[in-house]
Amino acid sequence: MTDNVLEVKNLTMHYMTRKGPVSAVDNISFSVARGESLGLVGESGCGKTSIALSLLKLLPDNADIKQGQILINSKNIVPLNYAEICKFRWKQISMIFQAAMNALNPVYTVEEQILEAMQEHLPHLSEAEMNQRVDELFGLVGLDPKFKNQYPHQYSGGMRQRAVIAMALSCEPDIIVADEPTTALDVIVQDALLKRIRKIQEKLNMAMIYISHNVAVIAEVSDRVGVMYAGNLVEMASTEAIFHRPIHPYTRGLMSAFPSIVGEKTKLVTLPGEPPDLLNPPTGCRYHPRCPYATAICSQEAPEYREHGAQHFAACWHPGGEA
Amino acid sequence: MEHSDILVNIQNLSKLFPVGGGIFRHSDVFVHAVSGFNLQIKRGESVGLVGESGCGKSTTGKLLTRLLDPTEGKIEIASEQGVIDIASLRGKKLKTFRRNVQMIFQDPYESMNPRLTIYDTVAEPLNVQGIGTITEREARITELLETVGLTPAASFLFRYPHELSGGQRQRVAIARALIISPLFVVADEPTSMLDVSVRTGVMHLMQDLATNLNVTYLYITHDLAVARYMCNRIAVMYLGKLVELAETEELLQHAQHPYTKALLSAVPVPDPTYKRSAVEIKGGISKPINPEPRCRFYDRCPLADDSCRDNPHPELEDKGDQHFVACHKI
Amino acid sequence: MTMQTNGITVSTATHAPLWRIRLRLAWRSFKSSWATFAESPVGLIGLGVIIFFGLFALAHPILMHTVWDSATYDPQMGYDMEIAFHPAAPSVRHLLGTDPLGRDVLSQLMYSTRYEFVLGILSAVVTVVIATTIGAVAAYYGGLIDAFLMRLADLVIMVPFLPILIVLSSFTEVGMFELALLIGLLSGFGGNTIVIKSQALSVKVKPFIEAARIAGGSDFHIIFTHLIPNLLPIALLYMMFVVTSAIFSEAVLSYFGLTTIKMSWGIMINTAQTQGYLLRFDTWYLLIPASLAITLLCAAFYLVGRALDEVVNPRLRSR
Ligand SMILES: Nc1ncnc2c1ncn2[C@@H]1O[C@H](COP(=O)(O)OP(=O)(O)O)[C@@H](O)[C@H]1O
Ligand SMILES: Nc1ncnc2c1ncn2[C@@H]1O[C@H](COP(=O)(O)OP(=O)(O)O)[C@@H](O)[C@H]1O
Ligand SMILES: [Mg+2]
Ligand SMILES: [Mg+2]
């Protein structure tokens with residue numbers, strides 16, 4: 001596949017702590033094609049944000065990329081230094097953070113902040129072109145341009161999140177990483193924003209990685225879904241396949257534990273136990289202590305992440321629950 | 001509804017928070033966080049209170065547990081001592097009455113004193129109310145911890161909250177709320193900070209306890225899907241007012257109030273093939289600061305006309321089958 | 001978030017008495033705090049210096065009872081008849097020389113240490129008791145009580161310490177004990193109250209306070225079992241800084257002769273000054289040991305405070 005904007009190969013990342021290494025991302029591989037929206041879903045602490053930060057090399061000091069490659073437009077960014085990586089950010093890859101307030105600088109107006117990013121990365125644009133672009137971006141994310149001279153604290157939560165999206169789009173990145181952008185918002189605002197994000201992504205034919213712990217949100221915005229558990233990518237397939245024909249026991253559990261307001265009211269399943277501590281994750285398959293199908297091999301050897309059907313990947317010794 | 005069935009009868013409950021003002025200067029601008037709130041809760045049922053953040057759900061919960069003093073209204077609770085209006089209880093009577101009403105909080109990380117062990121946390125209501133001897137208390141705590149799924153209890157008793165996971169802490173919070181066998185429990189978003197794989201367990205636990213210990217819940221949540229599983233009836237709140245109240249499935253299938261419809265249509269569905277109906281409403285939720293005497297939903301309502309502007313906020317009206325709606329247009 | 005749940009060893013399966021379990025828990029939490037504290041070399045150095053001074057103070061009565069005869073070595077009344085001219089430079093008899101009044105400098109230095117400790121710790125304890133109680137009460141009740149207590153704190157911060165003392169010393173005798181109380185009162189009612197109150201405000205809004213109210217807990221119960229225990233770590237931290245400032249203030253005040261303290265490091269410098277030996281190189285032993293002791297002990301408590309900050313303030317403990 002040549003049209004992959006992003007390719008991640010065998011990425012492993014640890015956080016070094018005083019109690020030992022936290023294995024937050026463990027041997028993960030996936031790719032995202034142009035115009036495609038990939039959803040990453042998993043419970044909190046499973047390493048979603050860690051992956052997002054790795055993709056932009058925005059990791060904290062104690063993070064250590066142990067192995068693997070991150071290819072953005074076929075260029076491996078893992079060995080790049082700070083100055084080189086800065087050329088990638090904004091123009092090729094940009095990020096929407098969970099806490100919009102932290103991503104915005106409170107002492108500048110929203111317009112100033114967007115202009116600053118553009119001056120840095122699109123120096124060929126004239127001032128008039130830039131101003132016009134700010135208006136376009138505001139229109140794109142559904143904000144009235146008359147608010148552009150206001151400060152972030154004058155915005156409501158939903159508006160702030162929109163401003164952050166406008167900023168992330170300002171330099172026309174090839175891929176955008178959205179880390180739980182709607183988690184703090186109310187359903188009605190969330191709904192409007194989700195629709196908007198989806199529309200923008202399709203209109204600009206941009207690649208997107210959408211991260212959320214909310215299974216239903218992922219169903220709304222993604223073409224393909226990757227399910228994460230305890231630092232591992234356990235299953236990845238088209239959204240339709242993940243929701244209707246999941247093969248990994250964790251994915252199945254997750255789907256049947258998630259309540260919905262439509263359809264028949266089926267009994268919600270309780271997954272036994274709790275997610276593991278990544279300081280010393282279980283041996284073998286990390287899900288085996290909670291898995292109903294676990295056998296001896298599951299605790300001894302990590303299952304290979306491989307294709308089990310057309311474009312349906314999973315890492316499991318007993319895919320679909322078979323022996 | 002037979003009258004004797006009713007455990008909690010809330011009538012015309014209001015809470016106004018002054019805006020600005022100070023110690024010596026009284027403000028005449030108020031946030032009408034809860035206003036004219038009427039609700040009857042039957043013994044053994046679980047009523048869901050849903051709405052967007054800032055609509056007054058938590059304030060209602062705090063009024064019912066008397067963490068806040070109501071500005072106006074009655075909260076009648078049918079306890080062993082007869083029906084008592086707790087809205088104006090004070091001092092010793094209030095303290096004794098607190099045995100009947102308890103609360104479970106949202107944030108399992110903040111709802112326990114980090115310097116107290118699990119034992120001390122769960123024992124607190126017993127200590128404060130002076131119930132039982134130390135050995136009796138210990139036995140009761142051990143038994144209840146096992147009931148909420150913290151087994152073996154002995155290995156949890158003397159841990160600190162930070163040594164437990166979120167799900168375990170929420171179980172401790174449930175144990176603390178139930179240790180003095182309350183009749184009525186206000187649960188303010190008890191599962192919204194838990195992960196899916198742990199959340200279901202806590203939800204099931206709360207349901208089991210409701211049947212086994214005969215507890216009545218007011219279940220506050222912003223998540224309608226969770227409310228569907230936890231509640232017999234759902235009450236929808238908007239800017240301090242109830243706008244719709246019905247049996248859970250009735251409300252989900254046949255919502256009538258335009259706000260409820262908008263809310264339902266905005267809930268994402270965990271099924272990529274499902275196409276939701278699009279109901280657009282204008283603007284976002286604001287603060288009910290000295291609201292005009294008209295329908296609170298007027299500014300955002302797709303059905304609104306002049307009569308909605310000129311008449312006061314509509315009362316809840318039974319549209320048949322105990323389905324209550326507060327709307328001039330329906 | 002998954003929590004670290006292994007490594008917990010306390011088990012009640014044996015049903016040990018409650019106090020034993022609590023003791024064990026306290027010991028365990030002390031150990032883990034100590035582990036954090038010990039990671040900072042600065043804190044260990046500070047603690048080392050404090051222990052050194054502690055031993056130094058303890059050694060004095062022992063020396064006085066064994067090798068030093070009191071007529072010669074008494075820090076206040078002693079006089080060495082065998083030396084013709086005082087102050088005398090360090091010698092084997094007087095390791096740090098003698099002062100202009102013929103007293104042994106080392107003995108003075110050691111003798112004073114215990115009073116510096118008493119002064120520092122007493123004023124810190126007074127400060128903490130006052131600041132924690134007032135901070136907690138002001139934060140918990142808010143409203144008029146809060147406004148009154150905070151205006152009082154503003155007032156205390158504004159009144160200058162030295163003038164108060166000058167006025168006071170003309171009325172009454174300001175000895176070590178009175179000075180400790182005064183420093184304790186002033187720093188307790190002043191800045192420290194405000195710091196602790198702001199901490200108390202953040203604790204007060206936590207849901208566990210509401211849970212305690214719903215359980216039926218009285219204001220007294222809530223303040224003493226929930227609010228204050230959560231303020232103690234930060235109070236302990238500020239205690240260290242109060243010790244530093246108390247020792248330093250005493251030195252300054254004694255130097256200016258504003259106290260009636262008979263012997264202290266400040267008094268030692270004061271004696272050198274009044275006798276006209278202050279700025280001379282040859283009589284360095286009248287100035288340097290005392291000022292060095294002041295500096296070292298103040299710095300030591302400060303460093304311990306900084307290291308405690310690491311233990312108390314989770315913000316600084318991200319990894
Ligand atoms: N800076 C850090 N230092 C140490 N551990 C960290 C750090 N950041 C995250 N972690 C740990 O790494 C794991 C994955 O975290 P994260 O990627 O934030 O998960 P998610 O975004 O899925 O909730 C968690 O166990 C978390 O505790
Ligand atoms: N102590 C308070 N003082 C002033 N206003 C408050 C206070 N508590 C809540 N409010 C206001 O009352 C309204 C309802 O808040 P709340 O009950 O917390 O809503 P919810 O729980 O539904 O999110 C909000 O507008 C909020 O700002
Ligand atoms: Mg995250
Ligand atoms: Mg709330």
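A residue is called buried here when its relative accessible area is under 20%, exposed when that area is over 50%, and partly exposed in between. The model is a predicted one, and this yardstick is applied to several of its charged residues below.

B:Arg300 is a good place to start: with a relative accessibility of 5%, B:Arg300 falls under the 20% cut-off and so counts as buried. Its partner is B:Glu52, and the two side chains meet in a salt bridge with an N to O distance of 3.6 Å. This pair ties together distant parts of chain B, the residues being 248 apart. B:Arg300 sits in the loop between α10 (258–266) and α11 (306–310), while B:Glu52 sits in the loop between β3 (46–50) and α1 (57–64). B:Glu52 has a relative accessibility of 1%, so B:Glu52 is buried as well.

Another salt bridge of chain B joins B:Asp69 to B:Arg66, with the closest N and O atoms 2.7 Å apart. Here the two ends fall into separate classes: B:Arg66 is buried, at 4% relative accessible area, whereas B:Asp69 counts as partly exposed because its relative accessibility is 38%.

Over all chains, a search of the whole structure turns up 37 salt bridges. One of them is in chain A, where the side chains of A:Arg133 and A:Glu172 come together at 3.9 Å, N to O. This pair, too, links distant parts of its chain, with the two positions 39 residues apart in numbering: A:Arg133 belongs to helix α5 (residues 127–141), and A:Glu172 to the loop between α6 (157–169) and β7 (175–179). A:Arg133 is buried, with a relative accessible area of 13%, but A:Glu172 is exposed, at 55%. Salt bridges also run as a network through A:Asp191, A:Lys195, A:Glu220 and B:Arg276, a set that takes in residues of both chain A and chain B.

Still in chain A, A:Ser50 is found in helix α1 (residues 48–56). A:Ser50 is buried, its relative accessible area being 6%. Apart from neighbours within four places in sequence, the residues in contact with A:Ser50 are A:Met13, A:Tyr15, A:Ala24, A:Val25 and A:Leu59.

Turning to the contact between chains B and C, 41 residues of chain B touch 34 residues of chain C. The size of an interface is often given as the accessible area lost when the parts come together. For chain B and chain C the buried area is about 3,100 Å², with carbon and sulfur atoms giving 61% of it. On the polar side, there are 14 residue pairs in polar contact between the two chains, counting pairs with both residues at pLDDT 80 or more. Salt bridges between chain B and chain C number 4. Among them is the one formed by C:Lys206 and B:Glu110, whose closest N and O atoms lie 3.7 Å apart. On chain B, the side that touches chain C draws at least two residues from each of β6 (101–104), α3 (118–129), α4 (134–147), α5 (154–157) and α6 (166–178). Of the elements of chain B, α3 gives the most to this side, with 6 residues.

Chain C itself has 12 helices and 0 strands. Read along the sequence, its pattern is simply one α after another: α-α-α-α-α-α-α-α-α-α-α-α. Its C-alpha atoms fill a box of roughly 80 × 50 × 35 Å along the principal axes. Of the 319 residues in chain C, 49% are buried. As for how the chain C sequence folds back on itself, 68% of the contacts between residues at least 6 apart in sequence join residues at least 24 apart. Chain C exposes about 15,600 Å², and carbon and sulfur atoms supply 71% of that area.

Part of the chain C surface forms a nonpolar patch of about 440 Å², made by C:Trp27, C:Phe30, C:Trp34 and C:Leu44. Helix α1 (residues 18–38) of chain C gives the most to this patch, with 3 residues. C:Phe30 lies in that helix. With 47% relative accessibility, C:Phe30 falls between the two cut-offs of 20% and 50%, so C:Phe30 counts as partly exposed.

How values were computed:
Residues are numbered from 1 along each chain as its sequence is written. Chains are lettered from A and ligands numbered from 1 in the order in which they are written. This is a predicted model: local features need pLDDT of at least 70, side-chain atom pairs count only at pLDDT 80 or more; totals for chains, interfaces and linings use all residues. Side-chain values use heavy atoms; hydrogens and water are left out. Patches are made of residues with over 30% relative accessible area and no salt bridge: like charges are joined within 9 Å, nonpolar side chains (Val, Leu, Ile, Met, Phe, Trp, Tyr) within 5 Å. Accessible areas come from the Shrake-Rupley method with a 1.4 Å probe; for residues, only the protein chains shown count as cover. Helices (H or I, at least four residues) and strands (E, at least two) are DSSP runs, numbered from the N terminus. Buried means under 20% relative accessible area, exposed over 50%, partly exposed in between (1.4 Å probe, protein chains only). Contact means heavy atoms within 4.5 Å. Buried area is the accessible area (1.4 Å probe) that two parts lose on being put together, summed over both. A polar contact is a pair of N or O atoms within 3.5 Å; within protein, one must be able to donate a hydrogen and the other to accept it, and residues adjacent in sequence count only if both atoms are side-chain atoms.
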